[in-house]
Amino acid sequence: MNETKTATSALLNVWQKRPLIISGPCSAETEPQVLETAKQLAQTGKVDILRAGIWKPRTKPGMFEGVGAKGLPWLQKAKQETGLPVTVEVGTSKQVEDALTFEVDVLWIGARTTVNPFSVQEVADALRGVDIPVLIKNPINPDLELWAGAVERVARAGIKHIGLIHRGFSAFGVTDYRNAPMWHLAIEMKLRYPELLFINDPSHICGRRDILQETMQKAIDLDYDGLMVESHIDPDNAWSDARQQITPQRFAEILNQLIWRKEDVDSASYHAALEKLRQQINQLDDELITLLGKRMKLAEQIGLYKKEHQITILQTARWNEIMNRALKRGETLGLSKEFITRYFDAVHMESINHQKKVMDG
Ligand code: PEP
Ligand code: MN
């Protein structure tokens, strides 16, 4: 196998680093811009991998579509000068081939590619027999199966080091974000693939600078393995995604201000205290489920009476009475109106289903 096509142990060490920080311009624009951005990022001492878009899949034609393969030697030079491994986005087999020729260290599949199984398969086929880490962005639309499908295609091609990049999902209407984070979907994906590297891309989620830091903090609090953040030596004049890019210095400043909470600590007393509380929670949950089971049995008995007397299942006045009692009681215990309403609506639906079963029986 070609030397350039084997992930080196140095790179795999970088891959293991937590938090793993990837940064660089949305697009490689000129050689000096790439080299200067790389130099400034390396000087921060906080960045592990340099990113740059070489081919830019744009929603509409006429926008800047990347400098193309001529930008690859710039990245190669940036790597030589700074020692930072480099990553680019690929969406076709030719792009994979070009990236490998110029010793790109890590590849990523963009959101507009993940949506298309033909393209993902083409990239995966081009990677067969190549040992290179691949990061897979979530598809534009909130569809975990497409994201999972891309992971499986790449894994089946024999790629051993795969990472996920959460860059938010396209949502209709105006929101604070360029791409709605829908954190619960990303978390579900992380739970499905706990062994994969899990990176957050706040730049494409936010689409603007002022909410980047809080979004990064949120990702850290949710235990992401790292961040991919777009940075540029002159963000306002960037050729793509100008509004969301920040200078390397600003990025370093933000990284300094972020609070990295740990998922775990080595303190025995902490673990013992937590364990005790968790046992109590388990016990209460068991009791709650048992009680709910009993409650449904009572509902079934009511169902039998209703059946006998040919009465409707849904009795609005009774339901309002139950809800009002619960809201009042909940309030005294510090339970929100929203929670009580959602909880009792769910209990009510289950109750109706149980009654319906006995009435139809
Ligand atoms: C990018 O990283 O510049 C990019 C095009 O991102 P995405 O695929 O998330 O839109
Ligand atoms: Mn971008």
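Axes are lines fitted to C-alpha atoms, for helices over the stretch in contact, and angles run from 0 to 180 degrees between N-to-C directions. The model shown in every view is predicted.

**Figure 1. Packing of helices α12 and α14 in the predicted model.** Helix α12 spans residues 268-309 and helix α14 residues 337-360; their axes lie 8 Å apart at an angle of about 45 degrees. This angle makes α12 oblique to α14, and the crossing in which α12 passes α14 is right-handed. On the α12 side, the contact is formed by Leu-292, Arg-295, Met-296, Ala-299, Glu-300, Ile-302, Gly-303, Leu-304, Lys-306 and Lys-307. Helix α14 contributes Tyr-343, Val-347, Glu-350, Ser-351, His-354, Gln-355, Val-358 and Met-359. By class, nine residues of this contact are nonpolar, four are polar and five are charged.

**Figure 2. The two assigned domains of the protein.** Domain 1 covers residues 2-257, and domain 2 covers residues 268-360. Taken over C-alpha atoms, the centres of domain 1 and domain 2 are separated by 46 Å.

**Figure 3. Coordination of the manganese ion (ligand 2).** Four protein residues supply donors to the ion: Cys-26 through SG, His-204 through NE2, Glu-230 through OE and Asp-241 through OD. These donors lie 2.0 to 2.4 Å from the manganese ion. Along the sequence, the spacing of the donor residues follows the pattern C-x177-H-x25-E-x10-D. His-204 belongs to helix α9 (residues 202-206), whereas Asp-241 sits in the loop between β8 (226-230) and α11 (248-257), so this pair ties together parts that are 37 residues apart in sequence.

**Figure 4. Packing of helices α6 and α7.** The axes of α6 (residues 117-126) and α7 (residues 144-156) come within 9 Å and cross at roughly 20 degrees. Angles under 35 degrees count as roughly parallel, and α6 and α7 are therefore roughly parallel to each other. The crossing of α6 past α7 is right-handed. Pro-117, Val-120, Gln-121 and Ala-124 of α6 meet Leu-146, Ala-150, Arg-153 and Val-154 of α7. The contact of α6 with α7 comprises six nonpolar residues, one polar residue and one charged residue.

**Figure 5. Packing of helices α2 and α11.** Helix α2 (residues 31-44) packs against α11 at an angle of about 25 degrees, and the two axes are 9 Å apart. These helices are therefore roughly parallel to each other, with a right-handed crossing. From α2, the contact involves Thr-37, Gln-40, Leu-41 and Thr-44; from α11, Pro-248, Gln-249 and Ala-252 take part. Three residues of the contact of α2 with α11 are nonpolar, four are polar and none is charged.

**Figure 6. Backbone geometry at Pro-19 and Asp-223.** Most residues other than glycine have a negative phi, and most peptide bonds are trans. In the first close-up, the peptide bond leading from Arg-18 to Pro-19 is cis, with omega near -10 degrees. Pro-19 is placed in the loop between α1 (9-16) and β1 (20-24). In the second close-up, Asp-223 has a positive phi, near 70 degrees, in a residue other than glycine. Asp-223 occupies the loop between α10 (212-221) and β8.

Terms used. Residues are numbered from 1 along each chain as its sequence is written. Chains are lettered from A and ligands numbered from 1 in the order in which they are written. This is a predicted model: local features need pLDDT of at least 70, side-chain atom pairs count only at pLDDT 80 or more; totals for chains, interfaces and linings use all residues. Side-chain values use heavy atoms; hydrogens and water are left out. Domain bounds come from an automatic or database domain assignment. Helices (H or I, at least four residues) and strands (E, at least two) are DSSP runs, numbered from the N terminus. Angles under 35 degrees count as roughly parallel, over 145 as roughly antiparallel, 65 to 115 as roughly perpendicular and the rest as oblique. A crossing is left-handed if the near helix is turned anticlockwise from the far one by less than a right angle, and right-handed if clockwise. Contact means heavy atoms within 4.5 Å. Ala, Val, Leu, Ile, Met, Phe, Trp, Tyr, Cys and Pro count as nonpolar, Asp, Glu, Lys and Arg as charged, and the others, Gly among them, as polar. Donors are N, O and S atoms within 2.8 Å of the metal (3.2 Å for Na, K and Ca); water is not among the atoms, so sites may look incomplete.
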